[in-house]
Amino acid sequence: SMRIGALAGGRSFGGMMQMPEADGWRYRVQNVTTGDVVAGPSMVCSVFVCRVWKAAGIFGDLDFDCGEFTPWSLFSHRIFDADRLGANRPSVCQQADPDGELCQLMGNWTTATPRPDFNTRPVFARMDDACPSQWPDYEREADC
């Protein structure tokens, strides 16, 4: 049905697959409690975190959709306060996770030391919308 919808909308199937996923899109999903099939969002973990951060105002009024975010997007965009990381973390963070670089207050596992590109990429409107990535290396262009 996706192929038919793409052709009816004047797009090729490949062109449709390259469209950035909009936050407002709804999918037929099954309610795990009632078993009913309803229209609702469908998100992987990085999209969920991005949407929570977006709703909290972390990105200001930038226009973009979280559907194209990956785990790498979450930690590489420059949204963290560099002056409050590592040894400069609040005392509650240092007490909860003495060896960590970030602030992790609970959980059995600690967040690993961030990668070299942690907190380095600027945030901007429509970020990650046109960033190709291909298996197996998932390499991206420098401005993505």
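Me: What makes Cys93 count as buried?
Reply: Its relative accessibility in this predicted model is 2%. Buried means under 20%, so Cys93 makes the cut.

Me: And why is Cys103 called partly exposed rather than buried or exposed?
Reply: Cys103 has a relative accessible area of 43%. The middle class covers what lies between under 20% and over 50%, so Cys103 is partly exposed.

Me: How do you know that Cys93 and Cys103 form a disulfide?
Reply: Look at the sulfur atoms: they are 1.8 Å apart. The pair has to be within 2.5 Å, so Cys93 and Cys103 qualify as a disulfide.

Me: What makes that disulfide of Cys93 and Cys103 left-handed?
Reply: The torsion about its S-S bond is about -75°, so the link of Cys93 and Cys103 gets the left-handed label.

Me: Which parts of the chain does the pair tie together?
Reply: Cys93 sits in helix α5 (residues 91–96), while Cys103 belongs to the segment after α5. The two are ten residues apart in sequence, so the bond ties those parts together.

Me: How many disulfides does a search of the whole structure find?
Reply: Two. One of them joins Cys50 to Cys66, with S to S at 2.2 Å. That value is within 2.5 Å, so the disulfide rule is met.

Me: Where in the chain do Cys50 and Cys66 lie?
Reply: Cys50 is in helix α3 (residues 45–55) and Cys66 in the loop between α3 and α4 (71–76). They are 16 residues apart, and the pair links distant parts of the chain. The link of Cys50 and Cys66 is left-handed, with -65° about the S-S bond.

Me: Are Cys50 and Cys66 buried or exposed?
Reply: Buried. Cys50 has a relative accessible area of 0%, and Cys66 is at 0% as well. The limit is under 20%, so Cys50 passes and so does Cys66. Cys45 is another story: its relative accessible area is 57%, and over 50% means exposed.

Me: Which residues make up the largest nonpolar core?
Reply: There are eight: Val47, Cys50, Phe59, Phe64, Cys66, Phe69, Leu74 and Met127. Members of a core have to be buried. Phe59 fits, with a relative accessible area of 5%. Phe64 counts as buried at 1%.

Me: What is Phe59 in contact with, leaving aside its neighbours within four places in sequence?
Reply: Cys50, Trp53, Lys54, Phe64, Phe69, Ile79, Val123 and Met127.

Me: On to the rings. How many aromatic pairs are there?
Reply: Five aromatic pairs. One of them is Phe59 with Phe69, at 6.1 Å centre to centre and 80° between the planes. Centres must lie within 6.5 Å and planes over 60 degrees apart count as edge-to-face, so Phe59 and Phe69 form an edge-to-face pair.

Me: Where do Phe59 and Phe69 lie?
Reply: Both Phe59 and Phe69 are in the loop between α3 and α4, ten residues apart in sequence, so the pair ties together those parts. Phe69 is buried too, with a relative accessible area of 4%.

Me: Why is the pair of Phe64 and Phe69 called stacked?
Reply: The ring centres of Phe64 and Phe69 are 5.6 Å apart and the planes are at 25°. Planes under 30 degrees apart count as stacked, so that's the name this pair gets.

Me: What makes the charged end of Lys54 sit over the ring of Phe64?
Reply: It lies 4.6 Å from the ring centre. The distance part of the rule asks for within 6 Å, and the Lys54 end is classed as sitting over the Phe64 ring.

Me: Which residues form one aromatic cluster?
Reply: Trp53, Phe80 and Phe118 do.

Me: What is notable about the backbone of Asn119?
Reply: Phi of Asn119 is near 60°, positive in a residue other than glycine. Most residues other than glycine have a negative phi. Asn119 lies in the segment after α5 and is buried, with a relative accessible area of 11%. Arg126 also has a positive phi, of about 60°, and is found in the segment after α5. At 33% relative accessibility, Arg126 is neither under 20% nor over 50%, so it counts as partly exposed.

Me: What does the secondary structure come to?
Reply: Five helices and two strands, following the pattern α-α-β-β-α-α-α along the sequence. Of the 144 residues, 23% count as buried.

Note on methods
Residues numbered from 1 in each chain as written. Predicted model: local features only at pLDDT ≥ 70, side-chain atom pairs only at ≥ 80, totals over all residues. Heavy atoms only, no water. Helix = DSSP H or I, 4+ residues; strand = E, 2+ residues; numbered from the N terminus. Buried < 20%, exposed > 50% of the residue type's maximum accessible area, 1.4 Å probe, protein only. Core = buried A, V, L, I, M, F, W, Y, C linked by side-chain atoms within 4.5 Å. Contact = heavy atoms within 4.5 Å. Phe/Tyr/Trp six-rings, centres within 6.5 Å; stacked < 30°, edge-to-face > 60°. Lys NZ or Arg CZ within 6 Å of the ring centre and 35° of its normal.
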